[in-house]
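Work through the following exercises with the sequence and the structure open beside you. Try each task yourself before you read its solution.

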Amino acid sequence: MKAILAALVFLLSDLIPAQARDDGRYANSPLHAWFDHLASGNGRCCSFADGLSVQDVDWDTQDGKYRVRLFGQWIVVPDNAVVTEPNKFGPAVVWPYMNPKGVTQIRCFLPGAGT
């Protein structure tokens, strides 16, 4: 049981940023400034370094709402988390976080280009 719990904590650790940070790996990206200014109804999304690129098969719409598959679970994107600015990057991007109860929430979701 301890091994399973340790593995789960390791897998989820990427979803729980200690704090928003830009460690410089995308500093030379032509989209760096654009990503840094993206926002949803929840506020700024942080940088691309804090988001996760989402493959087309891992996001869709259902009943008029976006949803994203993270760790094998479909999560409905709240309307206030949707970034309405056109996607200059291409693939969808999601900025998840873990709430105090350990439930994955979505701060921002940028739908893929062409939607």
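**Exercise 1.** Find the residues that R67 is in contact with, leaving aside its neighbours within four places in sequence, and then decide whether R67 is buried or exposed.

*Solution.* Begin with the contacts in this predicted model: leaving aside the neighbours within four places in sequence, R67 is in contact with D58, W59, D60, Q62, W74, I75, V76 and V77. Next, place the residue in its element, and you will see that R67 lies in strand β5. Among the residues in the contact list is V76, and V76 is also the bridge partner of R67 in β6. Another residue in that list is D60, whose side chain is joined to the side chain of R67 by a polar contact of 2.6 Å. Finally, compare the accessibility with the cut-off: buried means under 20% relative accessible area, and R67 has a relative accessible area of 17%, so R67 is buried.

**Exercise 2.** Describe how β5 pairs with β4 and with β6, and examine the residue with a positive phi in each of the two hairpins.

*Solution.* Start with strand β4, residues 59-62, which runs antiparallel to strand β5, residues 65-70, and is joined to it by four bridges. One pair to look for is W59, whose bridge partner in β5 is V68. The hairpin of β4 and β5 has two residues between the strands, and in it D63 takes a positive phi near 55 degrees, a positive value in a residue other than glycine. This D63 is found in the loop between β4 and β5, and because its relative accessibility is 76%, D63 counts as exposed.

Now move on to the second hairpin, where β5 and strand β6, residues 73-76, pair in the antiparallel sense over four bridges. Here too there are two residues between the strands, and F71 takes a positive phi near 55 degrees. F71 is placed in the loop between β5 and β6, and F71 is likewise a residue other than glycine.

**Exercise 3.** Work out the order of the strands in the open sheet of three strands, and explain why one side of β3 and of β8 is left without a neighbour in the sheet.

*Solution.* Trace the sheet from one strand to the next, and you will obtain the order β3-β7-β8, with antiparallel pairing. Strand β3, residues 52-54, and strand β8, residues 104-110, stand at the edges and have a single partner strand each, so one side of each is left without a neighbour in the sheet. On average, and with direction ignored, neighbouring strands of this sheet are turned by 35 degrees against each other. To look at one pairing in detail, take strand β7, residues 92-98, which pairs with β8 in the antiparallel sense over six bridges; within this pairing, V94 stands opposite F109 in β8.

**Exercise 4.** Summarise the chain as a whole by stating how many helices and strands it has, what share of its residues count as buried, and what area the chain exposes.

*Solution.* Count the elements, and the secondary structure comes to two helices and eight strands, which run from the N terminus on as α-α-β-β-β-β-β-β-β-β. Then turn to burial: of the 115 residues of the chain, 32% count as buried. The chain exposes about 7400 Å², and carbon and sulfur atoms supply 56% of this area. As a last step, consider the contacts with a separation of 6 or more, of which 59% are accounted for by residues 24 or more positions apart.

Definitions and conventions: Residues numbered from 1 in each chain as written. Predicted model: local features only at pLDDT ≥ 70, side-chain atom pairs only at ≥ 80, totals over all residues. Heavy atoms only, no water. Pairing = 2+ DSSP bridges. Axes fitted to C-alpha atoms, helices over the stretch in contact; angles between N-to-C directions. Buried < 20%, exposed > 50% of the residue type's maximum accessible area, 1.4 Å probe, protein only. Polar contact = N/O pair within 3.5 Å; in protein donor to acceptor, adjacent residues only side chain to side chain. Contact = heavy atoms within 4.5 Å. Areas by Shrake-Rupley, 256 points an atom, 1.4 Å probe, with all protein chains shown as cover.
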